[in-house]
Amino acid sequence: MTIERPWQRWLIRAGVFFAMALLCVPGLWVVLTAFRPNIEILARPPVWLPQNPTFDNFRGIFGLLPDQQQGLPVARYFLNSLVISLTSTFVAIVIGMMGGYAFARYRFKAKGALFVSFMLSRTVPGIALSLPLFIVWSRLGILDTSFGLILVYLAINIPFTIWLTDGFFRQIPVDLAEAAQIDGCTRWQAFWKVEFPLARSGLASAAIFAFLTSWNEYALASQLTRTTVSKTMPVGLMDFTAQFTVDWAGMSAMAVLIIIPALLLTFLVQKHLIAGLTFGGVK
Amino acid sequence: MAQVKLRKISKRYGNLETVHGIDLDIAHNEFVVLVGPSGCGKSTTLRMIAGLEEISGGEIVIGDRVVNALPPRERNISMVFQNYALYPHMTVRENLGFGLKIAGEAPSEIERRVAEASAILGLDPFLDRLPAQLSGGQRQRVAMGRAIVRNPDVFLFDEPLSNLDAKLRGQMRVEIKKLHQRVKTTVVYVTHDQIEAMTLADRIVIMRDGRIEQVGTPQEVFEAPDNLFVAGFIGSPPMNQIDATYRASDGAAVLQDGLAIPLHRSGLVDGQPIVVGFRPDALAPKGHALFADNRRLSFDRTVTLAEPLGTETILFLPLSGKEIQARMLNPRVVAPGETLAFELDLGSVHVFDKASGKRIGGRSWQGLHASN
Ligand SMILES: Nc1ncnc2c1ncn2[C@@H]1O[C@H](COP(=O)(O)OP(=O)(O)O)[C@@H](O)[C@H]1O
Ligand SMILES: [Mg+2]
């Protein structure tokens, strides 16, 4: 590796800064907007930093402002999102982990074809399936239920989890489980005591991906949910658009509420996430 | 008592058979080494004994139980893997104690036995480290420690030294030998290194292409190789092997360049294509070896290369269209191109049938080696 000169380093930094700014400014704008009064939002030229920061937008969406008759069922949306995302993540990890392990460790018929077909299923844009899904779900009577949405997210997340965990398990030498069996473990114990702890980082990152996919998904959720029974946060965002107006303040406040749990979760497991994404430390 | 018996053991992967019906009896506390070139089925055989590989045919007996259907944990064996297979997320102490913990031993008992093994292998300073924080030799020791704490009936080793550098390999070889003297147990040890095999084994099993070529003590396989493969595999530098034809009129092997080597063998027919073999030790410049007068053959040859090794020098010389090697003890300086008078010890000449590669004449020549 050649050593970078100071001017090169600054060039790289400037480049990174520019790229990050491009990525972050829209998000930052949404966050800032969530804390502004409506006048500032509509001001022209735009006001960058909120001059009168306020929590009114948040109070507003929960219906806590004095002059407001009714808020939105945000708490309910939040709960729906949480239940649907956590359940689909948990189940996807359990099933995906078993699948990934099987692909990494066992030989069986049509293994390669099966693996590729899982991947190919990811190439279909979910929205293309929304109409067929809508019809089937309505026939099954699971339209506008959490269960219906969980099922859809499982279908999206399981192949991806299998693909990720297969890679993680592959990097754990087979010898370790064999050594454990010789040390007296059953196949099952060998998995839980040796292979599982070593794959934990990988599983954590797979879980994050699965959670974020479900948490942020909009296209399918907007078709398959109708009422507060199952509407999720991203779908709820649309409540802020009326026929002729958009309540930008409320929408931004809600967007912040969507971002926070995702951000929190990512921070909580970021150590694992990095270890998981830069796997290969097992040796 | 833990003898190990292999009865017509075979291994098939689909239609491909890689181990072809091996028979082997290993006695209680015996140190047996399976040796052979890479891919000859040593690991597969060992893994079948361990229970890590399904047995396609035949029977394996450990102690007095047929173990074919038993999982590894019920065979009371332990194994040291080529890459050590230490649990990366456990400290050395936990690695050593893992098997005992699984077996449900009391913590005090685990501690006592881990301490014991650690003392034997000199691991005390490393007990709280993770495997990643150890050198290759230390990891190797932990792997052995993990194997001995459980007091198994049989130790299995799969090329345990092949990831170490040459010097460490030599040290660990000695340690393994000492360990076996101390912890008397039946050992099956796999290696492709014939020196390891010779130095460690009570008995050597030489394998090729999923078959056993010869079983014997290190001395037996060295001094009386059953066939050309064993003759070429065991011993370093390898045995010189030269094509010849048997001439009944004077009982000699005639080489392609006309040199006649008198043989003391029966069971040969005139004109039979044979291979004569002799180790570099059996060939030396005049005055550098004491071969008996009545059974030595002298000829002059020009040395093409001299490889000084300190106490000895390996000389390369042409014979019958091949380059062969001679070992000169108490060496003097030899320049390439120098012509020397060589002496061949006829008592150490091996004869093999060219067609089958099998040794001819059994060990009849051993009578000449009375000093052994
Ligand atoms: N899973 C497998 N499928 C097919 N062939 C295999 C498999 N494992 C090993 N073999 C073959 O079996 C033979 C013996 O392998 P192995 O016992 O590992 O050899 P060694 O340990 O003596 O080097 C080799 O030719 C190898 O290619
Ligand atoms: Mg091997």
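Leaving aside neighbours within four places in sequence, which residues is A:Pro37 in contact with? In this predicted model, the partners are A:Asn52 and A:Thr54. A:Pro37 itself sits in a loop of chain A, the one that links α1 (6-34) to α2 (38-42). With a relative accessible area of 23%, A:Pro37 comes out as partly exposed, because the buried class stops at values under 20%. There is also a long-range link to point out: A:Ala249 is 212 residues away from A:Pro37 in sequence, yet the two C-alpha atoms are 7.4 Å apart in space.

Stepping back to chain A as a whole, the secondary structure is quick to describe. The chain has 13 helices and 0 strands, so the pattern along the sequence is simply α-α-α-α-α-α-α-α-α-α-α-α-α, going by how helices and strands are assigned. Taken along the principal axes, the box filled by the C-alpha atoms of chain A is roughly 70 × 65 × 35 Å. Chain A has 283 residues, and 40% of them count as buried. As for how the chain contacts itself, take the contacts with a separation of 6 or more: 67% of these in chain A come from residues 24 or more positions apart. The pair A:Pro37 and A:Ala249, at 212 residues apart, has a sequence separation in that range, although their 7.4 Å is a C-alpha to C-alpha distance.

Chain B is best looked at through its domains. The assignment splits chain B into domain 1 (4-229) and domain 2 (238-371). Taken over C-alpha atoms, the centres of these two domains are 38 Å apart. How many residues of each domain are in contact with the other? On the domain 1 side of chain B there are 9, and they meet 12 residues of domain 2.

The area buried between domain 1 and domain 2 of chain B is about 930 Å², and carbon and sulfur atoms give 57% of that area. The largest share of the domain 1 side comes from helix α7 (residues 218-223) of chain B, which puts in 4 residues. Sorted by class, the side of domain 1 that touches domain 2 has 5 nonpolar, 1 polar and 3 charged residues. Charged residues are there on the domain 1 side, but the rule finds 0 salt bridges across this interface of chain B. Polar contacts do turn up: 5 residue pairs, both partners at pLDDT 80 or more, are found across the interface of domain 1 and domain 2 of chain B.

Conventions. Residues are numbered from 1 along each chain as its sequence is written. Chains are lettered from A and ligands numbered from 1 in the order in which they are written. This is a predicted model: local features need pLDDT of at least 70, side-chain atom pairs count only at pLDDT 80 or more; totals for chains, interfaces and linings use all residues. Side-chain values use heavy atoms; hydrogens and water are left out. Domain bounds come from an automatic or database domain assignment. Contact means heavy atoms within 4.5 Å. Buried area is the accessible area (1.4 Å probe) that two parts lose on being put together, summed over both. A salt bridge is a side-chain nitrogen of Lys or Arg within 4 Å of a carboxyl oxygen of Asp or Glu. A polar contact is a pair of N or O atoms within 3.5 Å; within protein, one must be able to donate a hydrogen and the other to accept it, and residues adjacent in sequence count only if both atoms are side-chain atoms. Helices (H or I, at least four residues) and strands (E, at least two) are DSSP runs, numbered from the N terminus. Ala, Val, Leu, Ile, Met, Phe, Trp, Tyr, Cys and Pro count as nonpolar, Asp, Glu, Lys and Arg as charged, and the others, Gly among them, as polar. Buried means under 20% relative accessible area, exposed over 50%, partly exposed in between (1.4 Å probe, protein chains only).
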